[in-house]
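Q: Please take a close look at one loop in the structure below, and then work outward from there to the elements that follow. I would like a connected account rather than a list.

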Amino acid sequence: MTDPLDFTGKRALIVGGSSGIGNGIARAFLERGAEVTVWGTRPAAADYADEEGSDLSGLSYAQVDATDIAQIEATPLPEALDVVVCCQGAVEYRRAEFEREGWDRVVATNMTSVMDCARHTRAALAQAGGALIVVSSTAAFHATIGNPAYGASKAAAVALVKNLAAAWADEGIRVNGIAPGFVATKMTKVTTDHPKRLEGALAKIPLGRMGEPSEMAGAALFLASPMSSYVLGQTLVVDGGLTLQ
């Protein structure tokens, strides 16, 4: 029997795969046989050597700032791509997102760049009959006090998944998403580095713990595999029950 999670011979691109959830997803596809390329913002893979939650060994790397459409469009792609995961993300604290500059920076990363990457990879995905997966956040479904741009852009990403899924299904592209809950990454250090805040955050999660990048990767593997061949336009919430509260 063929293993539906065997990606041997498949090509995957993980935007924002240099660390955190994106890196966990990239490594999961690599471990299951895929040829994996990661886009990150630093000049070379070696520049992530000391980055916590980053392991680029065995992965191909390209420097691409996904908020710069010129860089996206100038980056060559293989003729066919089986999987594209858009995992780029930004958040700004100290109420910076209430100001126009902070708002624009977050929306550019969390929403506009996702559409730009989707547009750029569309032909390659259609050639392979591939899967596009957009990583958003449970912030799409609940208030994030102090981060209006983050919450709004993640909600927009969920809506974008539905719209692209409907628009591109007849090209053989399946578009779905993942909404992670509370996962330990450099973006959540504002909470994890403070015991009181961490205690309060964990109290809201029925499973009583943070998620792991590998658990988000499991959802990505499912959505890219034949096991989800009839799943379209859905954003899978992976949050330990956080949004049940």
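A: Arg94 is exposed, because its relative accessibility is 83%, above the 50% cut-off for that class; like everything that follows, this value is taken from a predicted model. The residue lies in the loop between β4 and α3, and its phi is near 60°, a positive value in a residue that is not glycine. Arg95 lies in that loop as well, and Arg95 too has a positive phi, of about 60°, although it is not a glycine. As background, most residues other than glycine have a negative phi.

The strand on one side of this loop, β4, is covered on both faces, with Val83 and Val85 buried on one side and Val84 and Cys86 buried on the other. Its pairing can be followed in both directions from Val84. Four parallel bridges join β1 to β4, with Leu13 standing opposite Val84; four bridges likewise join β4 to β5, again running parallel, and here Val84 stands opposite Leu132 in β5. The pairing continues beyond β5, which is joined to the parallel strand β6 (residues 174-180) by five bridges, with Val134 opposite Gly177 in β6.

These pairs belong to an open sheet of seven strands, ordered β3-β2-β1-β4-β5-β6-β7 with parallel pairing. The edges of the sheet are β3 (60-63) and β7 (235-238), each of which pairs on one side only, and the twist from one strand to the next averages 20°. Helix α4 (residues 148-168) packs on this sheet, touching β5, β6 and β7, and its direction makes about 165° with that of β6. Helix α7 also runs at about 165° to β6, and lies across β4, β5, β6 and β7.

On the other side of the loop is helix α3, residues 100-128, which has 29 residues and reaches 40 Å from its first C-alpha to its last, close to the 42 Å expected at 1.5 Å a residue. The helix nevertheless bends by about 50° at Arg122, and it is followed by Gly129, whose phi is positive, near 65°.

What does α3 have to do with the buried side of α4? The buried residues of α4 pack against α3 as well as against β5, β6 and β7, and among these buried residues are Ala149, Tyr150, Ala157, Val161, Leu164 and Trp168. The 21 residues of α4 should span 30 Å at 1.5 Å a residue, and its end C-alpha atoms are indeed 30 Å apart, so expectation and model agree.

Ala149, which is placed in α4, gives a more detailed view of this packing. With a relative accessible area of 0%, Ala149 is buried, and, leaving aside its neighbours within four places in sequence, it is in contact with Glu97, Trp103, Val106 and Val107. The C-alpha atom of Ala149 is separated by 8.7 Å from that of Glu92, although their positions lie 57 residues apart along the chain when counted from one to the other.

The nonpolar interior can be added to this picture. In soluble globular proteins, nonpolar side chains tend to be buried together. Here the largest nonpolar core has 31 residues, and those with the most contacts inside it are Ile14, Ile25, Phe29, Val36 and Val85. The elements that give two or more residues to this core are β1 (11-15), α1 (20-31), β2 (35-40), β4 (83-86), β5 (131-135) and α7 (213-224), and the largest share, seven residues, comes from α7. Val85 thus appears both among the buried residues of β4 and among the residues with the most contacts in this core. Ile25, taken without its neighbours within four places in sequence, is in contact with Val85, and also with Ile14, Val135, Met216, Ala217 and Ala220. Apart from this core lies another, of 24 residues, among them Ala124, Leu125, Val134 and Leu164; of these, Val134 is the residue that stands opposite Gly177 in β6, and Leu164 is one of the buried residues of α4.

Note on methods: Residues numbered from 1 in each chain as written. Predicted model: local features only at pLDDT ≥ 70, side-chain atom pairs only at ≥ 80, totals over all residues. Heavy atoms only, no water. Expected span 1.5 Å × (residues − 1). Bend = angle between axes of the 7 residues up to and from the residue. Core = buried A, V, L, I, M, F, W, Y, C linked by side-chain atoms within 4.5 Å. Buried < 20%, exposed > 50% of the residue type's maximum accessible area, 1.4 Å probe, protein only. Contact = heavy atoms within 4.5 Å. Pairing = 2+ DSSP bridges. Axes fitted to C-alpha atoms, helices over the stretch in contact; angles between N-to-C directions.
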